[in-house]
Amino acid sequence: MLRALWNKIKESAMSVIPLTLIVLLLGFTPLVSFTLQESVAFLIAAAALILGMALFSLGADMAMTPMGEQVGSGLSKSQNLWLLLFACLLLGAFVTIAEPDVSVLAAQISGMIDNRVLIFAVGGGVGIFLVLAVLRIVVKIRLSMVLLYFYLVLFALAALVVINGGADFLTVAFDAGGVTTGPITVPFIMALGVGVAVTLGGKNADENSFGLVALCSIGPILAVLILGLAAKGTPVYTPADYSLESHLGTEFGKTILRVAREVGISLGMIVLFFLILQIVFLRLPRRKLYQMAIGIGYTFAGLVIFLSAATIGFMPIGYQIGAQLAANNSKLLPIFGFLLGLVVVFAEPAIHVLNRQVEGITNGGVGKRSMLVALSIGVGISIGLSMLRILLGFNILYYLVPGFLISLGLSFFVPRLYTAIAFDSGGVASGPLTSTFILPFAIGAGVALNGVENVMSDAFGIVAMVAMTPLITIQVLGFRAIIAKRMREKRAMKKILAADDEQIINFM
């Protein structure tokens, strides 16, 4: 166990150190300056991030992934479709309602939508679309066709919201789709998909193992857009206190307790759900349950440490970098946004869970390194483009509409497996560090350039961008694989045709 934890710590360190170095190097330039207290707090938070990420990763391997697979396969083997769908509806809704990232987003928005209404709408959207995702596997419909249909509906609703004068709802809605797939829900839902696909997926079980996260990301967007049509007025950004002193003073203990409570509730929902199914029909051996219990403990400790460190140490620094860069040399924002995006994705805890699942299901056909490179480039581009949008001040739909059209268009030319992986990757990439570091970075830049009153239209939407660009880069990876395969086949055929007739053995 200690050796496994040490391996996870080394893996986590390799993921967090690049982001830490870029932030520290920025502090040595005239563009950004940190106090000694901020630098020390950031370094301690980075160390805590490494430990938290390692514990979470170990816990996901021991508990979250096996639990999800057992629930998915167990419900599928029960031969009761209604039970499977009802369980998915409850699971998707309640786990999302307790997801910490959703609360972070809702806490920063006030105005015409009550925070609780927003959270329950997002949870309901995830629950309904988790049901649709499982139904897709059962009736064997191609994922790209389902995605095309719902994204057309989504953009039609977005157009109605804009016509209705609620353009600021767009950024909230698309961000909601990104934050729902947080570190707690992602490992369990991905594993649930594997369990269902193995039992019901037929010959396309590998492809059907993915896609649940992709569809679950659409539900919250549609739910918030519907709220936008019904609401009168626009949501208002509630300025948060991003000073480090507010996080290190009396709020330090409160932050850790709040995070522990949120993580405990969210994990508790999954554990309670699993225990009910264990009593009813799973009946796993005690040894397996004991291992899962230890894994849940690791997951809880890891997420509390990780999210607390991100909130206390990374959120204030992210805001400071954005505000100071915008004030000192705003033209450099897209460049530094791109650089931060290249490395921040490595430190998202659920990314490594996804990569292991992809490598396992494809038997190494889609490598971890190529996945990380594609995700890194995609997230870098998304944050760079988001900074450009803050500078120029145009509507986010100018990015999202062509971006999703390209993504959906590519889905008809690349292997289905790559499409499923790509759309899941988009949801996974927009994790807790995007909410606690990149979003404050964008808010800081937006406030410095255009004031607090324009934050909703300027800064929000960056989570949606982080969730969108991997859809393109991962599918381009798949397109590259097709071209490489055809080139190998062409070279092999040329060698055969160029061979001497005497070298060909005639068995006739």
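The exercises below, each with a worked solution, concern confidence, a salt bridge, empty space and a surface patch in a predicted model.

In this predicted model, local features need pLDDT of at least 70 and side-chain atom pairs count only at pLDDT 80 or more, whereas totals for chains, interfaces and linings use all residues. Residues are numbered from 1 along each chain as its sequence is written, and side-chain values use heavy atoms, with hydrogens and water left out.

**Exercise 1.** Determine where confidence is lowest and where it is highest in the protein.

*Solution.* Start from pLDDT, the predictor's confidence in each residue, from 0 to 100: its mean over the protein is 83, and 92% of the residues reach 70 or more. Then go through the helices (DSSP runs of H or I, at least four residues) and strands (E, at least two), numbered from the N terminus. Strand 1 (residues 109-110) has the lowest confidence, with a mean of 58, while helix 14 (residues 333-344) has the highest, at 92. Where pLDDT is low, the predicted coordinates should not be read in detail.

**Exercise 2.** Explain which parts of the chain the salt bridge of Lys8 ties together.

*Solution.* A salt bridge requires a side-chain nitrogen of Lys or Arg within 4 Å of a carboxyl oxygen of Asp or Glu, and the structure holds two. In one of them, the side chains of Lys8 and Asp61 meet at 2.7 Å, N to O. Because Lys8 lies in helix 1 (residues 2-27) and Asp61 in helix 2 (residues 36-77), the pair ties together parts that are 53 residues apart in sequence.

**Exercise 3.** Describe the largest cavity and its lining.

*Solution.* On a 1 Å grid over the protein atoms alone, a cavity is a set of points where a 1.4 Å probe fits but cannot get out, and lining residues have an atom within 4 Å of a point. The volume, which is the space filled by probe spheres set on points joined across faces, edges and corners, is about 140 Å³ for the largest cavity. Its lining has 15 residues, of which Tyr151, Ser217, Ile221, Phe404 and Ala467 lie nearest the centre. Helix 21 supplies the largest share, four residues.

**Exercise 4.** Identify the residues of the nonpolar surface patch and the helix that gives the most to it.

*Solution.* Patch residues have over 30% relative accessible area and no salt bridge; like charges are joined within 9 Å, and nonpolar side chains (Val, Leu, Ile, Met, Phe, Trp, Tyr) within 5 Å. Val139, Ile141, Met145, Phe412, Phe413, Phe479, Ile483 and Met487 make up the patch, with about 750 Å² of accessible area together (Shrake-Rupley method, 1.4 Å probe, only the protein chains shown counting as cover for residues). Helix 21 (residues 462-498) gives the most, three residues.

Note on methods. On a 1 Å grid over the protein atoms alone, a cavity is a set of points where a 1.4 Å probe fits but cannot get out, and a pocket is an open set with protein on both sides within 12 Å along at least five of seven lines; lining residues have an atom within 4 Å of a point.
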